[in-house]
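Q: I'd like a close look at one part of this protein, taken slowly and with the details explained. Please pick one sheet and show me how it is put together, then what else in the chain deserves a look.

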Amino acid sequence: MFSIRLFSPAKINLFLKVIGKRADGYHELSSLFQTISAGDILTFQRQTVDTLTCSDPYLPTDDSNLVLKAMRLFRSKTGLDLHLRIHLDKRLPSQAGLGGGSSNAATTLWACNQLAGEIVTTEELMQWGSEIGADIPFFFSKGTAHCTGRGECVNSLDPLAHCKIWIVKPPFGLSTPEVYKHLNFSQSNENNNDYASFKEKPYFNDLEASAFEIKPELKILKNTLLSSGFDTVLMSGSGSSFFCIGQGQIPASFKAFSAYFINRSSNRWYSTLPKLT
């Protein structure tokens, strides 16, 4: 096998509770992650030197990119002289809370293992991925998981019922560190740190209040979407995108695309290759 083309799915957080700040400076989380049918496309081809190109001219393709970090990580862990030519067809918006970079990194680790002849387990890929990004291990689940710790502790769950959603992304993004910096724990959600909290109150995000403080326009956007008929409107991750559930209508002036929940089998990667609308 010399080349491979893979779908790199986005994720949303159906709930996100911030438990507190850890001694290492990170935050302890409890969140229900779900992969969706919107995502990027990555093409990998073996060659003698590392090359990364991207359809988005504004996305860095240097060593700061998680795709290259993941490739170098796989090489260092295995000792293999594996070099790749990688093209990233970037369809997801950046700084949206959709996990695009983490998904790209996980997809790269999966591709490296496939091109190397499946020499390591999925569990090893999960552990390695956590070294460069807390959300990366989730994408090695089957697509539905309760994640704790910094997000790297993954408890896979049975798939949820099929659900169509709309993703709305405002014309600006948010910095994850900045959102956490503005977090007020006295305003955080009071649900317990377990999956049962999802059954009691399925959609909440403790990071919304701090995101609204940074960008008050986001609260206006959420209220506009709720008044447009949707049952649920919730910011995903640290924003700035929202997912909408229900029979509402997206205002014509908003940039949005539809998606639905997806899952994968244990021996295959995510295979949906949708077009964003």
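A: What follows starts with one sheet and then turns to two helices and two loops.

This is a predicted model, in which local features need pLDDT of at least 70 and side-chain atom pairs count only at pLDDT 80 or more, while totals for chains, interfaces and linings use all residues. Residues are numbered from 1 along each chain as its sequence is written, and side-chain values use heavy atoms, with hydrogens and water left out.

Let's begin with the sheet. Helices (H or I, at least four residues) and strands (E, at least two) are DSSP runs, numbered from the N terminus. Four strands make an open, antiparallel sheet in the order β9-β10-β7-β11; strands pair if DSSP finds at least two bridges between them. The edges are taken by β9 (230-235) and β11 (256-260), each with a single partner strand, so one side of each has no neighbour in the sheet. From one strand to the next, the twist averages 25°; axes are lines fitted to C-alpha atoms, for helices over the stretch in contact, and angles run from 0 to 180 degrees between N-to-C directions.

Now for β9 itself. Strand β10 (residues 242-246) runs antiparallel to β9 and is joined to it by 5 bridges. Across this pair, F230 faces G246, and L234 stands opposite F243. β9 is mostly covered, with 5 of its 6 residues buried; buried means under 20% relative accessible area, exposed over 50% and partly exposed in between (1.4 Å probe, protein chains only). Helix α7 (residues 217-226) lies across β7 (164-168), β9 and β10, at about 160° to β9.

The turn of this hairpin repays attention too. Between β9 and β10 there are 6 residues, and G237 among them has a positive phi near 60°. A cis peptide bond, with omega about 20°, links G239 and S240, and S240 is in the loop between β9 and β10. As background, most residues other than glycine have a negative phi, and most peptide bonds are trans.

Two other loops hold a positive phi. Q95, not a glycine, has a phi of about 50° and is found between β4 and α2; Q95 is partly exposed, at 47% relative accessible area. E118, also not a glycine, has a phi of about 55° and is in the loop between α2 and α3; E118 is exposed, at 55%.

Finally, two helices. At the start of α1, a side-chain oxygen of N65 comes within 2.8 Å of the backbone nitrogen of V67, and just after α1, G79 takes a positive phi of about 80°. The buried residues of α1 are V67, L68, A70, M71, L73, F74 and R75. Their cover includes β2 (27-46), β3 (51-54), β4 (84-89), α2 (100-115) and α3 (122-129), where contact means heavy atoms within 4.5 Å. In α3, T122, L125, M126, W128 and G129 are buried. Viewed down the axis of α3, the buried residues fall within an arc of 165°, so they line one face of the helix; the arc is that of the directions from the helix axis to the C-beta atoms. These buried residues of α3 pack against α1, α2 and β6 (153-156).

Technical notes: A polar contact is a pair of N or O atoms within 3.5 Å; within protein, one must be able to donate a hydrogen and the other to accept it, and residues adjacent in sequence count only if both atoms are side-chain atoms.
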